[in-house]
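Good morning, and thank you for coming. I shall present one protein chain today, beginning with its interior and ending with a single residue. Please look at the sequence and the structure as they appear.

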Amino acid sequence: MARLNEKVALITGGASGIGLSVAQLMAKEGAKVVIADFNVEGAKEAAEEIRTQGGDAVGVFVDAGNGDSIKEAVDFTVQQYGKITTMFNNVGLTNLKKDLDVVNVDLEEWDKLMNVNLKSVLLGARFAIPHMMEAGGGSIINTASMAGFAGDAVRVAYGASKAGVVNLTRYIATQYGKHSIRCNAVAPGLILTPAAKNNMPQDVLDMFAKYNALPYHGEPEDIGHTVVFLASDESKFITGQTIQVEGGHYIANPTVPDFEQFMKMAQV
Ligand SMILES: NC(=O)c1ccc[n+]([C@@H]2O[C@H](COP(=O)([O-])OP(=O)(O)OC[C@H]3O[C@@H](n4cnc5c(N)ncnc54)[C@H](O)[C@@H]3O)[C@@H](O)[C@H]2O)c1
């Protein structure tokens, strides 16, 4: 039996990258999938592709920065498939030009990222939870980021919003656990989505590779398989957790690669 038979999932930001991979993998495991995205054409194409491979999916519009739109996507899911068991709050924005350090961050950008990256998670949960209670339970999964676990030179709004996602995940898990509603998050490190591949200079990719414990970069499927696990009943005793899928980027003393380099030089 497929791992997600009987599951109905709403995936925000499902037209590309991590969300698309999750949609494809969930459909392969038997879930009925609503792919919701700003890019509605992309969402519909992704759903069509899943249907041609024998899966069950539809594409719809959602603006994760707008509460009414998130509610419409949740209600659509319930109308289409009779219930919602799985909510993947995945949309997240970053802006390297405006989201700078504390003194220089553009405050409109701060508000935008808090709205799209953090409030959208609150609202996705808020609108899905009553339906999940009716259905006897569910699994909410949020996309955080490794940026929510450490300080950085720039992207203060992104990092703060993703740290918020990590603790909001615990709050949802705490408040609705007795209704058999689980809530977990996944925190990706650098993932080679098509957008990342096209936009990241090789020097930046090399920088990440240097500080990862593993010798390769993350792929969308690495997040996809983790999310499928969190959506499935295999993880039925896991709640309130954020799984870091980041190639061991933060597990070691940060000086390790530099110290190894130093030791090599010292031996010469
Ligand atoms: N790719 C990475 O390296 C990485 C690392 C850490 C965290 N993340 C997080 O993973 C999530 C997905 O990122 P990705 O890299 O797959 O992105 P992506 O750019 O490949 O895809 C994002 C999708 O979201 C849609 N979208 C954007 N704004 C939207 C809105 N307001 N409403 C609805 N849809 C909207 C886009 O149309 C696109 O289809 C984000 O939360 C991001 O912060 C990504």
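**Inside the protein chain**

Please keep in mind that this is a predicted model. I begin with the largest nonpolar core, which has 33 residues. Leu 10, Met 87, Ile 140 and Ile 172 are those with the most contacts inside this core. Which elements give two or more residues to it? They are the strands β1 (8-12), β2 (32-37), β3 (56-61) and β6 (181-188), together with the helices α3 (67-81), α4 and α5 (156-176). The element that gives the most is α4, with 7 residues. As a general remark, nonpolar side chains in soluble globular proteins tend to be buried together.

Let us take Ile 172 from this core. Leaving aside residues up to four places away in sequence, Ile 172 touches Ala 125, Ile 129, Ile 140, Asn 142, Gly 177 and Cys 183. Another core, of 27 residues, lies apart from the largest one, and Leu 25, Ala 27, Ala 47 and Ile 50 are among its members.

I turn now to empty space. How many cavities of 30 Å³ or more does the structure hold? It holds 1, and about 60 Å³ of space lies in the largest cavity. The residues that line the largest cavity are Thr 12, Val 62, Ala 64, Ile 70, Met 87, Asn 89, Asn 90, Val 91, Ser 120 and Gly 124. Two elements, β4 (86-89) and α4 (107-135), give two or more residues to this lining. By character, the lining residues divide into 5 nonpolar and 5 polar, with no charged residue. Met 87 therefore deserves a second look: this residue lines the largest cavity, and it is also named among those with the most contacts inside the largest nonpolar core.

Next, the chain as a whole. The protein chain has 9 helices and 7 strands. Its radius of gyration is 19 Å, close to the 18 Å that the globule rule gives for 268 residues, so the chain is as compact as a globular protein of that length. Of those 268 residues, 47% count as buried. Among contacts between residues at least 6 apart in sequence, 74% join residues at least 24 apart.

Finally, I come to Thr 193, in the loop between β6 and α6 (194-199). Is Thr 193 buried or exposed? Its relative accessible area is 14%, so Thr 193 is buried, the cut-off being under 20%. Not counting residues up to four places away in sequence, Thr 193 touches Gly 17, Ile 18 and Pro 220.

Technical notes: Residues numbered from 1 in each chain as written. Predicted model: local features only at pLDDT ≥ 70, side-chain atom pairs only at ≥ 80, totals over all residues. Heavy atoms only, no water. 1 Å grid on protein atoms, 1.4 Å probe; cavity = no way out; pocket = protein on both sides within 12 Å on 5 of 7 lines; lining within 4 Å. Points joined across faces, edges and corners; volume = space filled by probe spheres on them. Helix = DSSP H or I, 4+ residues; strand = E, 2+ residues; numbered from the N terminus. Nonpolar A, V, L, I, M, F, W, Y, C, P; charged D, E, K, R; others polar. Core = buried A, V, L, I, M, F, W, Y, C linked by side-chain atoms within 4.5 Å. Buried < 20%, exposed > 50% of the residue type's maximum accessible area, 1.4 Å probe, protein only. Contact = heavy atoms within 4.5 Å. Rg over C-alpha atoms; globule rule 2.2 N^0.38 Å.
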